[in-house]
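Trainee: Before we sign off on any label, can we test each one against its cut-off?
Mentor: Yes. Bring up the chain and ask away.

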Amino acid sequence: MRVCVVVPCHNEEESLPYFVARCAEVARDMEPYLDGPLSFVFVDDGSTDHTLSLLREMHERVGSCH
């Protein structure tokens with residue numbers, strides 16, 4: 001089974017790094033039970049803070065979903 005989690009984001013600049021770190025832990029823990037990597041799709045919902053730029057930075061470091 002392949003799983004993709006869609007995460008809506010709105011002004012999450014402060015909490016996003018913690019959330020993403022926890023998502024990475026969960027993805028590693030679930031890997032043995034899935035047929036492929038656990039994917040996350042973050043959707044910025046018109047944030048007025050630095051959420052979008054933070055998401056872009058994280059994407060640059062980690063890369064895209066499989």
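The exchange below takes the labels one by one.

Trainee: What kind of model is this, and how many of its residues reach a pLDDT of 70 or more?
Mentor: The model is predicted. Mean pLDDT is 89 for the chain, and 94% of its residues reach 70 or more. Among the elements, S1 has the highest mean, 95, and H2 the lowest, 91.

Trainee: What is the order of elements in the chain?
Mentor: From the N terminus, β-α-β-α. That comes to two helices and two strands. The C-alpha trace spans about 35 × 20 × 15 Å along its principal axes.

Trainee: What makes Glu25 and Arg22 a salt bridge?
Mentor: Their side chains meet at 2.9 Å, N to O. The cut-off is 4 Å between a side-chain nitrogen of Lys or Arg and a carboxyl oxygen of Asp or Glu, so the label holds. The whole structure has one salt bridge.

Trainee: How are Glu25 and Arg22 placed in helix H1?
Mentor: They are three residues apart, so about one helical turn separates them.

Trainee: Why is Arg22 called partly exposed?
Mentor: Its relative accessibility is 46%. Exposed needs over 50% and buried needs under 20%, so Arg22 falls in between. Glu25, at 37%, is partly exposed as well.

Trainee: Why is the pair of Phe19 and Phe42 called edge-to-face?
Mentor: Two values decide it. The centres are 6.2 Å apart, and a pair needs them within 6.5 Å. The planes stand at 85°, and edge-to-face needs over 60, so the name fits. The structure holds two aromatic pairs.

Trainee: What does the pair of Phe19 and Phe42 tie together?
Mentor: Phe19 lies in helix H1 (residues 16-30) and Phe42 in strand S2, so the pair links parts that are 23 residues apart in sequence. Phe19 is partly exposed at 38%. Phe42, at 25%, is partly exposed too.

Trainee: Which residues form the aromatic cluster?
Mentor: Phe19, Phe40 and Phe42 form one cluster. Phe40 also belongs to the largest nonpolar core.

Trainee: Which residues make up that largest nonpolar core?
Mentor: Eleven residues: Val7, Cys9, Leu16, Cys23, Ala27, Leu34, Leu38, Phe40, Leu54, Leu55 and Met58. Strand S1 (4-9), H1 and helix H2 (51-62) each supply at least two of them. In soluble globular proteins, nonpolar side chains tend to be buried together.

Trainee: How do you know that Ala27 counts as buried?
Mentor: Its relative accessibility is 17%. Buried means under 20%, so Ala27 passes. Ala27 is in helix H1. Its C-alpha is 5.5 Å from that of Leu38, although the two are eleven residues apart along the chain.

Trainee: What about Thr51, buried or exposed?
Mentor: Buried: its relative accessible area is 0%, against a limit of under 20%. Thr51 is found in helix H2. Over the chain, buried residues make up 23% of the 66.

Trainee: Which residue lies 40 residues from Thr51 along the chain, with C-alpha atoms separated by 5.8 Å?
Mentor: Asn11. Asn11 is found in the loop between S1 and H1. A relative accessible area of 33% puts Asn11 between the limits of 20% and 50%, so it is partly exposed.

Trainee: What makes the phi of Asn11 worth a note?
Mentor: Phi is near 55°, a positive value in a residue other than glycine.

Trainee: Which residues make the nonpolar surface patch?
Mentor: Val6, Val41 and Val43, with about 220 Å².

Trainee: How do you know that Val41 and Val43 meet the accessibility cut-off for a patch?
Mentor: Patch residues need over 30% relative accessible area. Val41 has 34% and Val43 has 38%, so both clear that limit. Partly exposed is the right label for Val41 and for Val43.

Trainee: Where do Val41 and Val43 sit?
Mentor: Val41 is in strand S2 (residues 39-44), and Val43 is in S2 too. Val43 and Cys9 lie 5.8 Å apart, C-alpha to C-alpha, with their positions 34 residues apart in sequence. Cys9 is one of the core residues.

Technical notes:
Residues numbered from 1 in each chain as written. Predicted model: local features only at pLDDT ≥ 70, side-chain atom pairs only at ≥ 80, totals over all residues. Heavy atoms only, no water. Patch = residues over 30% accessible without salt bridge, like charges linked within 9 Å, V, L, I, M, F, W, Y side chains within 5 Å. Areas by Shrake-Rupley, 256 points an atom, 1.4 Å probe, with all protein chains shown as cover. Helix = DSSP H or I, 4+ residues; strand = E, 2+ residues; numbered from the N terminus. Buried < 20%, exposed > 50% of the residue type's maximum accessible area, 1.4 Å probe, protein only. Phe/Tyr/Trp six-rings, centres within 6.5 Å; stacked < 30°, edge-to-face > 60°. Core = buried A, V, L, I, M, F, W, Y, C linked by side-chain atoms within 4.5 Å. pLDDT = per-residue confidence, 0-100.
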